[in-house]
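The exercises below ask you to read a protein model step by step. Keep the sequence and the three-dimensional view beside you, and try each task before you turn to its solution.

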Amino acid sequence: MSSIKQFQVAFDCAEPERVARFWCEVLGYVASPPPKGFATWDDFDRTRSPEDQGSWFACSDPSGVGPRLFFQRVPEGKVVKNRVHLDVRVGTGLVGEERLATLEAECARLVALGAVRVRLLYDGNDSCIVMQDVEGNEFCLD
């Protein structure tokens, strides 16, 4: 049995490009190129029916290491907590006040981009900040 080496993370959302561009800023990702044969995403969208225009968007790690993120429009809004979420690893190797300060600085940057701070989990040594992206999807600064 062969093992799978690549995967993408898919997000259901109302505004795929808006959510994708938020995550590009969070992770240092870039918008994925449009499908082959199209110079821009707008060119691609013009070939689709009006209801399908802007229905998906993707971004990727420019170094090619991280997974591709895929954003697809769905008709229903988010109503419950995510069962899967991303941990954005900004404090790896840090502890105590140094870790907390690093997480707080990143939290402030992401709030300015439209994220929402939900709560701080801190036991005096280890810390994590629970947040929501621009459409309410939970993630953690870890």
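**Exercise 1.** How many disulfides does the structure hold? Work out the count by looking at the cysteine sulfur atoms in this predicted model.

*Solution.* Begin with the cut-off, which is that two cysteine sulfur atoms must lie within 2.5 Å to be counted as a disulfide. Next take Cys13, whose sulfur has its closest cysteine sulfur in Cys59, at 11 Å, and this is too far for a bond. Then take Cys59, where the closest cysteine sulfur belongs to Cys24 and lies 3.8 Å away, which is again too far for a bond. The total for the structure is 0 disulfides. As a further step, look at how these side chains are covered: a residue is called buried when its relative accessible area is under 20%. Cys13 has a value of 3% and is therefore buried, and Cys59, at 0% relative accessibility, also counts as buried.

**Exercise 2.** How many helices and strands does the protein chain have, and in what order do the elements run?

*Solution.* Count the elements, and you should arrive at 3 helices and 8 strands. Then walk along the chain from the N terminus, writing one symbol for each element, and the result is β-α-β-α-β-β-β-α-β-β-β. To see how the chain is brought together, consider the contacts between residues at least 6 apart in sequence: 57% of them join residues at least 24 apart. Of the 142 residues in the chain, 35% are buried.

**Exercise 3.** In the open sheet that contains β1, what is the order of the strands, and which strands stand at the edges?

*Solution.* Trace the sheet from one side to the other, and its 4 strands follow the order β1-β4-β3-β2, with mixed pairing. The edges are taken by β1 and β2 (30-31), and each of these has a single partner strand, so one side of each is left without a neighbour in the sheet. Now examine one edge in detail: β2 and β3 pair in the antiparallel sense over 2 bridges, and Ala31 has Cys59 in β3 as its bridge partner. Finally, add the helix that packs on this sheet, which is α1; this helix touches β1, β2, β3 and β4, and its direction makes about 155° with that of β4.

**Exercise 4.** Describe the open sheet that contains β7, and explain why β7 is said to be largely enclosed by the rest of the structure.

*Solution.* First establish the order of the 4 strands, which is β5-β8-β7-β6, again an open sheet with mixed pairing. At the edges stand β5 (86-88) and β6 (116-122), each with a single partner strand, so that one side of each lacks a neighbour in the sheet. From one strand to the next, the twist averages 25°.

Second, follow the two hairpins. β6 and β7 pair in the antiparallel sense over 6 bridges, with Arg119 opposite Val130 and Leu120 opposite Ile129. Between these two strands there are 4 residues, and Gly124 in the turn has a positive phi of about 95°. β7 and β8 are likewise antiparallel, paired over 4 bridges, with Met131 opposite Phe139. Here 5 residues lie between the strands, and Gly136 in the turn has a positive phi of about 90°.

Third, answer the question about β7: because 5 of its 6 residues are buried, this strand is largely enclosed by the rest of the structure.

**Exercise 5.** Which residues of the largest nonpolar core touch the most other members, and which element supplies the largest share of this core?

*Solution.* The core has 26 residues, and those touching the most other members are Trp23, Leu69, Phe71, Met131, Phe139 and Leu141. Elements that each supply at least two residues include β1 (8-13), α1 (16-27), β4 (68-73), α3 (96-112) and β7 (127-132). The largest share, 6 residues, comes from α1. Take Met131 as a closing example: leaving aside residues up to four places away in sequence, its contacts include Cys107, Leu110, Val111, Phe139 and Leu141. As background, nonpolar side chains tend to be buried together in soluble globular proteins.

Terms used:
Residues numbered from 1 in each chain as written. Predicted model: local features only at pLDDT ≥ 70, side-chain atom pairs only at ≥ 80, totals over all residues. Heavy atoms only, no water. Core = buried A, V, L, I, M, F, W, Y, C linked by side-chain atoms within 4.5 Å. Buried < 20%, exposed > 50% of the residue type's maximum accessible area, 1.4 Å probe, protein only. Contact = heavy atoms within 4.5 Å. Pairing = 2+ DSSP bridges. Axes fitted to C-alpha atoms, helices over the stretch in contact; angles between N-to-C directions.
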